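Here are some short exercises to work through with the coordinates open. Try each one yourself before reading its solution.

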2 protein chains.
Amino acid sequence: MDGAPTSEFDTDTRVVEVTPSHYRAQLTDRWHIGDKPNGGYVLATIVRAMQLALHRRGNGAHPDPLTVTGHYLRPSEAGPADIHVDIARVGRQLATISATFSQMDRERVRAIATFGDLGAFAARGAPTDVALTAPDLPPVEQCVSRPEIGEGAVAPSIRDRMTSLLHPATGWISGQPTGRAEVVGWLGFADGREPDTLSMPLFADAMPPAVFELLARTGWVPTVELTVHVRGRPAPGLLRTVFRTRNLRDGLLEEDGEVWDADGRLVAQSRQLAMLLG
Amino acid sequence: MDGAPTSEFDTDTRVVEVTPSHYRAQLTDRWHIGDKPNGGYVLATIVRAMQLALHRRGNGAHPDPLTVTGHYLRPSEAGPADIHVDIARVGRQLATISATFSQMDRERVRAIATFGDLGAFAARGAPTDVALTAPDLPPVEQCVSRPEIGEGAVAPSIRDRMTSLLHPATGWISGQPTGRAEVVGWLGFADGREPDTLSMPLFADAMPPAVFELLARTGWVPTVELTVHVRGRPAPGLLRTVFRTRNLRDGLLEEDGEVWDADGRLVAQSRQLAMLLG
């Protein structure tokens with residue numbers, strides 16, 4: 001650990017080394033959706049253990065999670081967790097590692113990631129060409145807070161940890177879904193902690209499901225698998241995010257996300273496979 | 001194995017059980033890009049071992065790879081390979097498994113996948129809503145074969161295994177990239193084997209890189225990580241495919257793919273993180 005964590009996110013994703021391949025974490029109930037920890041929060045905690053394991057092995061040469069995938073086997077719970085990591089390769093530019101995340105001796109998430117140094121990539125002078133554009137989003141004061149509805153009996157505690165401001169045209173909040181499965185909004189930490197590459201798995205899974213705009217229903221939409229590509233170190237400030245579902249088939253759906261930083265750079269792309277219940 | 005394989009793909013992805021967690025494969029030189037096996041071919045071979053391992057454990061309840069991720073550590077080679085699998089969970093609807101793929105005692109690919117039964121999902125009567133549309137593609141006879149250029153000194157043998165017909169507007173073939181990183185084309189097996197869910201990892205990585213249309217260069221664009229969502233069992237016939245790169249930054253790029261079947265259904269979505277060399 002680099003000094004004592006101070007932010008809520010750093011405190012609640014803290015991992016302690018037991019051995020170089022075994023870490024302990026303590027999930028809190030402060031990042032809940034309904035009565036379970038948000039899947040992005042869990043994945044960020046796993047990525048933190050991976051980062052620490054690679055830091056030891058690679059002398060800090062691979063600080064950024066470039067691509068992270070988590071498969072969700074069972075819901076996680078607030079409480080202690082064991083993270084076992086297995087380094088596949090530490091190369092010059094890239095390092096790959098996998099992990100299992102278990103609580104009460106039951107595996108909850110299995111993950112794999114490749115890390116690198118986005119600063120070193122930027123210094124290579126290789127081509128850049130971004131055809132995507134940031135979502136159109138009115139100023140913060142015109143946006144609306146994430147509502148408490150549709151998240152189960154327990155109010156989502158993640159609302160108190162994160163600044164989550166939805167585009168005022170978001171329809172499902174007022175019971176009038178637009179019919180287009182797209183959710184656009186500002187995201188950041190409520191305590192002012194700035195975004196970084198480690199927190200991208202959380203941001204990629206922190207918005208209400210885009211499919212709420214398509215179906216006249218809300219409720220838990222469990223993630224089967226979430227992949228996040230972290231493509232830049234974000235500038236300080238709130239993030240512009242957009243999430244879209246364009247392929248819902250037989251209750252299985254993809255959700256594609258983009259995370260843009262305050263300087264207008266696309267810093268993360270995400271895709272998850274999720275499932276409608278019932 | 002369910003009977004003797006007959007097609008080139010089934011023959012060349014054949015895996016033999018050593019133990020329930022250890023399989024042997026024999027990569028051939030028939031699916032090369034340049035002088036290395038195509039990454040999708042390698043991933044399909046791994047998925048086959050995973051499928052066999054899950055078949056034993058789950059009594060065939062999870063035949064389809066719903067989401068597969070492979071991280072490419074080093075190039076693979078034609079020759080023998082060891083695939084070690086580790087089942088994370090076998091549930092009622094879903095089963096998750098990870099694998100390492102090694103040759104000459106060096107790990108080349110690490111992978112994870114969640115399987116399920118797309119037929120059972122279809123029978124649930126859950127909602128379907130697909131906002132994407134199939135790429136516009138002229139009839140086969142108006143399309144052009146994948147050229148031999150830009151793939152290294154050795155002609156890509158994968159050309160002889162697959163029907164790969166590019167949209168006639170593809171610019172880089174004639175040295176005139178369009179400036180828009182999109183490649184559209186028909187894909188299928190040259191020997192007439194029909195596509196299935198197992199072959200989707202191959203189809204998701206078999207087209208020339210879309211970034212060829214953006215940069216006035218060709219050559220190997222190594223995959224760091226490839227994720228394939230298999231969303232439907234394809235109908236017989238050629239597949240319509242489209243691959244786009246919309247986020248090239250500092251030589252790292254995403255490539256998003258769609259695979260549509262002959263009935264006009266979106267049967268797979270893919271995304272890879274790849275890297276420009278030098």
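The exercises below concern a predicted model, and each is followed by a worked solution.

**Exercise 1. Check the geometry of helix H2 (residues 39-58) of chain B against its expected span.**

Step 1. Start with the rise: at 1.5 Å a residue, the 20 residues of this helix should span 28 Å. The expected span is 1.5 Å times one less than the number of residues.
Step 2. Now compare with the model: the end C-alpha atoms are 28 Å apart, which agrees.
Step 3. Look at the two ends. Asn38(B) caps the N-terminal end of H2(B), with a side-chain oxygen 2.8 Å from the backbone nitrogen of Gly40(B). Just after the helix, Asn59(B) adopts a positive phi of about 55°.

**Exercise 2. Decide whether H2(B) is largely enclosed or not.**

Step 1. Take the cut-off for buried as under 20% relative accessible area.
Step 2. By that criterion, 15 of the 20 residues of H2(B) are buried, so the rest of the structure largely encloses this helix.

**Exercise 3. Trace the strand pairing around E2(B).**

Step 1. Begin with strand E1 (residues 15-19) of chain B, which runs antiparallel to strand E2 (residues 22-27) of chain B and is joined to it by 4 bridges. Val15(B), for instance, has Ala25(B) as its bridge partner.
Step 2. Check the connection: 2 residues lie between E1(B) and E2(B), and the two strands form a hairpin.
Step 3. Move on to strand E6 (residues 79-90) of chain B, which pairs with E2(B) in the antiparallel sense over 6 bridges. Here His22(B) is partnered with His84(B).

**Exercise 4. Find the cavities of 30 Å³ or more and describe the linings of the largest and second largest.**

Step 1. Rolling a probe the size of a water molecule over the atoms shows where empty space is left. The structure holds 3 such cavities.
Step 2. The largest cavity contains about 60 Å³ of space. Its lining has 7 nonpolar, 2 polar and 1 charged residues, among them Phe212(B), Arg217(B) and Trp220(B).
Step 3. The second largest has a volume of about 40 Å³. Its lining includes Glu225 and Arg271 of chain A, along with Glu225 and Arg271 of chain B. By class there are no nonpolar, 4 polar and 4 charged residues.
Step 4. Assign the lining to strands: E13 (223-230) of chain A and E13 (223-230) of chain B each supply at least two residues of the lining of the second largest cavity.

Terms used: Residues numbered from 1 in each chain as written. Chains lettered and ligands numbered in written order. Predicted model: local features only at pLDDT ≥ 70, side-chain atom pairs only at ≥ 80, totals over all residues. Heavy atoms only, no water. Buried < 20%, exposed > 50% of the residue type's maximum accessible area, 1.4 Å probe, protein only. Polar contact = N/O pair within 3.5 Å; in protein donor to acceptor, adjacent residues only side chain to side chain. 1 Å grid on protein atoms, 1.4 Å probe; cavity = no way out; pocket = protein on both sides within 12 Å on 5 of 7 lines; lining within 4 Å. Points joined across faces, edges and corners; volume = space filled by probe spheres on them. Nonpolar A, V, L, I, M, F, W, Y, C, P; charged D, E, K, R; others polar. Pairing = 2+ DSSP bridges.
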